[in-house]
Amino acid sequence: MRELEYFRPATLEEATALLHRYGSRARVLAGGTDLLVGLRDGTISCACVVDVKAIPEMRQLSFRPASGLFIGGAVTVNRLIRDPEVGRHYPVLVQAGRSLANALVRNRATVVGNLCNASPAADMAPALLVLGASLRVADNGGTRTVPLAGFFTGPKKHVLRPEELVVGVEVPPVEGRAVYLKKARIKGFDLAQVGVAGLFSPATGLRLGLGAVAPTPVLVSVPGIAGREQLGAEDVQAAVLEKVFSSIDPISDQRASREYRLAMVEYLVKRVLAHLGEAGEHAQAD
Amino acid sequence: MRRQIRLKVNGEDVSVSVDTHKTLLWLLREELHLKGTKEGCGRGECGACTVILNGEPVNSCLVLAVEADGAEVRTIEGEARDGRLSDLQEAFIRHNALQCGFCTPGMIMSARALLERNPHPTDEEIREAIEGNLCRCTGYLPVLQAIREVAARGARS
């Protein structure tokens with residue numbers, strides 16, 4: 001890392017003014033668990049970092065029954081998964097967050113940072129996709145809302161301009177059971193070889209979110225399933241898998257071969273459907 | 001470029017000028033000469049650099065020194081008091097929870113932070129707390145035993 005300017009704005013306005021001024025020469029610093037690694041190995045270079053952890057809106061984590069959950073851009077994964085309201089209303093986010101790296105990383109890594117790093121394997125993406133999350137995005141002109149479903153454009157790529165800042169994630173109130181299952185190489189912490197999130201309610205139908213099996217996290221919607229009992233039906237499972245396989249395109253890399261990923265997708269999707277088909281308000285991940 | 005920062009390290013006030021691109025790990029080892037905290041990977045994957053920052057255990061290799069302005073940092077050097085080893089240090093020795101000792105400062109900081117936050121952790125919670133601290137020597141079981149024992153007796157507050 002060479003000469004680096006460091007800013008610590010106290011307000012959203014100061015932060016967006018800095019990003020407007022520096023554009024692609026600036027990087028947002030929240031948890032730093034991806035940024036510092038990239039700066040150190042040279043895959044990221046920038047003239048300045050804008051530390052957003054002092055901005056009140058970015059630190060907000062709140063739930064309202066009418067509007068759902070707001071996860072500010074500086075909220076760490078551990079803070080998310082330890083929050084009682086999150087555990088009560090969005091246990092799938094606890095499952096996803098718990099699987100992310102390890103406890104030390106989770107004390108710094110942020111939910112928004114995981115999304116903005118935009119790894120195809122991002123652990124928070126599949127669950128937030130099935131929950132229908134959106135991003136509240138600010139620049140020095142104002143704010144806009146970006147549905148997560150359109151956010152990712154390629155490995156480590158997303159739709160935002162360099163001067164835009166993600167203020168937080170908006171997760172609507174949700175009904176139904178949801179679960180996130182992750183296949184990794186080892187029992188300890190690791191990146192996902194395959195990650196599958198699922199949500200089912202009679203109102204929304206079935207939604208699946210898949211990570212590490214395409215250039216971006218993928219959302220697959222399967223409407224028209226009337227009840228959770230149908231999730232166990234062979235013809236329904238076959239139709240779901242056909243739609244999933246036509247939506248993904250896994251590669252072979254250091255963590256798994258394409259063939260292994262395809263096999264694990266089938267295995268995990270079936271397990272997710274089994275979880276979602278059970279009675280009871282919330283699914284437990286195994 | 002350099003910035004003047006003020007922080008508390010193991011209870012003592014420190015005022016130091018540091019380059020903005022340097023990490024908290026570098027500050028502790030090279031500027032403050034607190035060599036107990038180790039660099040294992042420099043990427044947040046091994047936990048050898050674990051310190052307690054504002055009450056939370058973190059990889060100090062992933063924190064810029066300037067981010068610690070105004071913060072409270074505790075390192076392994078803060079464990080022993082008045083020349084006496086802490087309960088965790090003594091338990092680690094008694095249970096053979098260290099061999100080469102390289103992961104040990106980080107392990108103890110993770111354990112200390114856990115017991116302050118959760119004085120009666122389950123086995124699962126202890127494992128989760130040290131999940132980010134890799135050890136090549138002990139196979140982890142003696143480490144779990146040491147932490148379990150200190151928790152059972154009631155950790156030093």
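**View 1. The second largest pocket of this predicted model holds about 460 Å³ of space.** Its lining is made up of 21 residues. Nearest the centre of the pocket lie A:Lys53, A:Arg59, A:Arg108, B:Asn54 and B:Glu56. What is the make-up of the lining, by nonpolar, polar and charged residues? Nine residues of the lining are charged, seven are nonpolar and five are polar.

**View 2. A:Cys116 takes part in no disulfide.** A search over all chains of the whole structure finds zero disulfides. For A:Cys116, the nearest cysteine sulfur is that of A:Cys46, 15 Å away. Is A:Cys116 buried, partly exposed or exposed? Its relative accessible area is 25%, so A:Cys116 counts as partly exposed.

**View 3. B:Cys135 has its closest cysteine sulfur in B:Cys103.** Why is there no bond between B:Cys135 and B:Cys103? Their sulfur atoms are 3.9 Å apart, which is too far for a bond, because a disulfide needs the two sulfur atoms within 2.5 Å. B:Cys135 is buried, with a relative accessible area of 9%. That value falls under the 20% cut-off for a buried residue.

**View 4. A:Pro202 sits in a loop between two strands of chain A.** Strand E12 (194-201) lies on one side of the loop in sequence, and strand E13 (205-211) on the other. Is A:Pro202 buried or exposed? A:Pro202 has a relative accessibility of 62%, so this proline counts as exposed; the cut-off is over 50%. How far is A:Pro202 from A:Arg79? The two are 123 residues apart in sequence. In space, their C-alpha atoms are 31 Å apart.

Note on methods:
Residues are numbered from 1 along each chain as its sequence is written. Chains are lettered from A and ligands numbered from 1 in the order in which they are written. This is a predicted model: local features need pLDDT of at least 70, side-chain atom pairs count only at pLDDT 80 or more; totals for chains, interfaces and linings use all residues. Side-chain values use heavy atoms; hydrogens and water are left out. Helices (H or I, at least four residues) and strands (E, at least two) are DSSP runs, numbered from the N terminus. Buried means under 20% relative accessible area, exposed over 50%, partly exposed in between (1.4 Å probe, protein chains only). On a 1 Å grid over the protein atoms alone, a cavity is a set of points where a 1.4 Å probe fits but cannot get out, and a pocket is an open set with protein on both sides within 12 Å along at least five of seven lines; lining residues have an atom within 4 Å of a point. Grid points are joined across faces, edges and corners, and a volume is the space filled by probe spheres set on the points. Ala, Val, Leu, Ile, Met, Phe, Trp, Tyr, Cys and Pro count as nonpolar, Asp, Glu, Lys and Arg as charged, and the others, Gly among them, as polar.
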